[in-house]
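Got your viewer open? Here is a short walk through the model, stop by stop, with something to select at each one.

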Amino acid sequence: MKNIVKNILKNTVAFLLMSATIFTLFIFTSCSNDVTENINLSNSPDNANSTNDDAHEPKETEPEPFDMQEPTNKLTLYTVEMTGITINPAVNIFKEMYPDVEVEVKSFSGEEYRTILPTELASGKGPDLVFSFASDVADIYKMMSTGIFVDLNHFINNDEEFHIEDYVEGAFNGGILHGKRYIMPVEYGISTWVAFRDILENEGLFEEDISTYDKLLNTMVKCHEKHKDDPEYYVMYNDYITDAAQLNSMWFSDLLKVSKIEFIDYENNKVSIDKDKFKTLMDTVKALRYPEGETISRGGGWWDGKCLLTSFNSVNNLFWGAYGSNKNNNRIAFSFPSYKDEAVADIISYAAIPSASQNQVNAYRLLKILLSPEIQGGDNGGYSYLRIGSLVLISAIRENKIVAFTKEMHIDLTDEQVDSLMDMLTNIKTAKILPSAVIKFITDEMTPYLNGSKTFDECYSRLETTLELYKDE
Amino acid sequence: MIQETEMKKSSKLSRRESLTGFLFCLPSILGMLMFFVIPFGITIYLSLTESMGNSKFVGLKNYADVLNSAAFKLAAKNTFRFNAIAIPLIMAISLFVSLLLFKKLKGYNFFRTTFIFPLVLPVASVVLFFQIIFNETGLINNILELLHIAPVQWINSSNSFVVLMVLYLWKNTGYNIILFLSALNSIPRAYYEAAELDGASQGAKLFKITLPLIMPYTFIIIVISLINSFKSFREAFILFGSHPDQSIYMIQHFMNNNFQNLNYIRLSVGAILIFLVIFVLVFILLRLRNKGGDIEL
């Protein structure tokens, strides 16, 4: 008997050793010269000017077989503070509709959320529904690709009451990755701006000069150069930030976001940067920079007709900014063109159901309430976010907001003006999130270029290498 | 008959002793099961499934994915390169210094304390100290500037590898020195006295007495150095961040970043591969030790 046990042990050790050796050889033979080639692949000239043209937009695929859970009497929701204006009325409606279900809403600070959510999701004991802002996790696309969230198409396809056409399609489909609808955008944002015709004319510019990504950036640089010494002149915004470092940082992050340049094509798992467009952007940011440590004296601005562009991210403000005192049809409202000159929105908040949830039916019920006309058309507290429900959004803005607002402000809007702005807000191609993890890489790697201590190519090469590693993890 | 009764008694006692022994071991066995065996089993299970939300068995697909991943290849290559350079280097330096200290040179106690000092320093302080030294406007670049030499970018460039190597050697040499010193002190003086009587040179004493007799310790020190080299990720992470220069992107970066991304499938595959590699290395070292030494530790 002892001998048999000994033999078994001996064989097990031999087997373990053999497999270990095979694995070791496998690892180290696969770590030959091709490593650097793989990592530097994107640095090759062929790839240097690669664009995203071949990157396909998210498309839905046929859902895999799915076992729909039975309804339960519990629902746990994790969310971040500040979402209350949307989530609280939705939870109240849910409680009225399903009085037997015990609802627990856990609201965290951003920092707590970033720590608690991933740990609990991974342990399988997390929430049944998450409702977050885009920046609340480092990279939502990476999370989506782990399969930690359930494909919402399983629910939507089995729900006859649900009609996708009721929503702003481009923004709605922003939650699809690899054909699966892992997250459901609930609110989205468009970068809306107003320019002044008379100011443009004074500069020898026309509406055409701000109509595309390249032209707009070029115009901004020209105006900045021309008025650099005039403390009352603003290229962007109409605020009174006087700290150069703060202003530089704001311009950098805002321009990065509004450009909608894609850095990682998550759909095809590849780094895909339009280098020329990115360089134009970085050159613009560099040209707009003020020497750090300086205090900039500000004044004037658009009140005195000294502001090239100003942003109005809330709907009310946009209408007011565009038409508030637009006596001579002087103002031009537009959405900041993306690097492809397309209308691309930001996903502001989204909801998702974790795969490990035992109360998925209740989670979907609450999700549906979040997408219902009651919530989509409800008060968003003056925030800049647009609700995703197309029809209710339009009627809400038109009836509830514009009417009330225009009356209050004595603004007489024509139907044409309203339609034009509505078109800008709802006619979008897609909606995306630029993950905060990626923003950090760009900031870290491109700062030496902006400071003038490294060339663009040096910084770009490092950025590309870092992103290659990151997307491959 | 009496013998039989005695045997039964003895067997009963032995069984009781075994049971007592087992009960004493039970907390450790449970701990081992809870914290090592079961998680290891779960790790193997996860590594063979499709995704976190889908437990479909996919065989070795995840292994193939990880092994084909450029990030994993780079991490494995760098870890191998770092260990291949760092371990021989730390062994040579620590042995050399131990031999010098073993001579009971003047200031022996001072040097011994100095070498232990990096071990007791908190990591955060060590990293701060290295930042001051290797920063773009740090101590070394200031010295280079005084010597009219162009400053070197130590952090966020391929020179990071050198910085990490210096950090590893600085932090861990002291520990190895202590171990080597205890090994050297365990060699009976009589061997050296006999060798001296036979007219043996210093070299002969070193190669014929010292090195063979400390060999079993040496293997253990190599294993400890290997483990410590994996631990140097902590410093690398604080000093260079989660995505450092390509030259020091180690296997632990790969694992840590996958943990952050919640990609536990890849993390599990990585962990099993690392386990197998370390298992093989330690096994080879132990086999070599057993073959080479009659001396028991």
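The tour begins with a whole chain and then moves in to aromatic rings and charges. Keep in mind that this is a predicted model.

**Stop 1: chain A as a whole.** Select chain A and switch to cartoon: you should find 19 helices and 14 strands. Of its 473 residues, 53% are buried. Now show the surface, which comes to about 21,300 Å², with carbon and sulfur atoms supplying 51% of it. Take contacts in chain A between residues at least 6 apart in sequence, and 80% of them join residues at least 24 apart.

**Stop 2: a pair of rings.** Across all chains there are 29 aromatic pairs. For one of them, select F278(A) and Y460(A): the rings are tilted, at 45° between the planes and 6.2 Å centre to centre. F278(A) belongs to helix α12 (residues 275-288) and Y460(A) to helix α19 (residues 456-472), so the pair links parts of chain A that are 182 residues apart.

Are these two rings buried or exposed? F278(A) has 0% relative accessibility, so it counts as buried. Y460(A) is buried too, because its relative accessible area is 3%, under the 20% cut-off.

**Stop 3: the rest of the cluster.** Keep that pair on screen and add F263(A), Y449(A) and F456(A): together with F278(A) and Y460(A) they form one aromatic cluster.

**Stop 4: charges over rings.** Select K142(A) and Y470(A); the lysine lies over the ring face, 4.4 Å from the ring centre. Then hop to chain B and pick R81(B), whose charged end sits over the ring of F161(B), 4.0 Å from its centre.

Key
Residues numbered from 1 in each chain as written. Chains lettered and ligands numbered in written order. Predicted model: local features only at pLDDT ≥ 70, side-chain atom pairs only at ≥ 80, totals over all residues. Heavy atoms only, no water. Helix = DSSP H or I, 4+ residues; strand = E, 2+ residues; numbered from the N terminus. Buried < 20%, exposed > 50% of the residue type's maximum accessible area, 1.4 Å probe, protein only. Contact = heavy atoms within 4.5 Å. Areas by Shrake-Rupley, 256 points an atom, 1.4 Å probe, with all protein chains shown as cover. Phe/Tyr/Trp six-rings, centres within 6.5 Å; stacked < 30°, edge-to-face > 60°. Lys NZ or Arg CZ within 6 Å of the ring centre and 35° of its normal.
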